[in-house]
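Hi,

Here is the structure I promised to pass on. Have a look, and my notes on its pockets and cores follow below.

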Amino acid sequence: EIDYGKVVLKKGPLMSTKVNFKIEIIGKGQHGSMPHLNIDPIVCASNIVMALQTIISRNTNPFDSTVLSVNSINGGSENNLVVDRTHLSATIRSLSEKSLEKSIKRMEEIVKNVADAYECKYEIKYTEKIPLVYNPEEMYEKVLKSAEKILGEENIIKEGQTMASEDFAFYMEKVPGFFYWFGSGEENHKKEALHSKNFYCSDKAIKPAVEVMANAVLDLQK
């Protein structure tokens, strides 16, 4: 979405920390004509979906960017039967590690208590956790000056955040690092974000990106 030859340099939180997880709700299936003999996991799962939304609206500081999305719910039969199990998949993302951990804790409490209320059992399985991409302030000024020498101050964009995640954060936990966003858009091409079917990356973006990073390596040694 940004033209080649430009770069986004942002200090502090840049890309969200996230956790992906699955929830299995376990009830007791019977014929739909005998509700008193059933423990319906679909009813329980539906209430869990709605209750989880209150984590963002009632448990999260409005100034902490945090998102909770239930992205799938699967379970059921064609007509007559109440099934034993229903499955949910979901993600929590935040620009604050503290907010993410609080959201996970509240999610676990809500799932447990709602399942208990509907006489269901449950299992939570975490499938992926990625840390926050955080650009340290002590590196920012050096990186900024280094990029300005190559691209010029007019081609530096100093604002930008996303709730998308990036596993480069694992490297940044081991060694000091700085994460750039380089523009790759070009005139006469649609400018759409990564993962869009219309995403276009200009080959002309390679040279300025390499020059900026190589120059930063040299400058950071001084």
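The largest pocket has 19 lining residues, and Met-15, Trp-181, Phe-182, Leu-194 and Phe-199 are the ones nearest its centre. (A pocket is an open set of points on a 1 Å grid over the protein atoms alone, where a 1.4 Å probe fits, with protein on both sides within 12 Å along at least five of seven lines; lining residues have an atom within 4 Å of a point.) By nature, the lining splits into 11 nonpolar, five polar and three charged residues, with Gly counted as polar and Tyr, Cys and Pro as nonpolar.

Bear in mind that this is a predicted model: local features need pLDDT of at least 70, side-chain atom pairs count only at pLDDT 80 or more, and totals for chains, interfaces and linings use all residues. Residues are numbered from 1 along each chain as its sequence is written, and side-chain values use heavy atoms, without hydrogens and water.

The second largest pocket is lined by 16 residues, with Phe-168, Gly-177, Phe-178, Tyr-180 and Met-213 closest to its centre. Its lining has 15 nonpolar residues, one polar and no charged.

Now the cores, meaning sets of buried (under 20% relative accessible area, 1.4 Å probe, protein chains only) Ala, Val, Leu, Ile, Met, Phe, Trp, Tyr and Cys residues joined through side-chain atoms within 4.5 Å. The largest has 23 residues, and Ile-48, Leu-52 and Ile-92 have the most contacts (heavy atoms within 4.5 Å) inside it. Leaving out residues up to four places away in sequence, Leu-52 touches Ile-23, Leu-68, Val-70, Met-107 and Ile-110. Another core lies apart from that one, with 13 residues including Val-7 and Phe-178.

Cheers

Terms used
Buried < 20%, exposed > 50% of the residue type's maximum accessible area, 1.4 Å probe, protein only.
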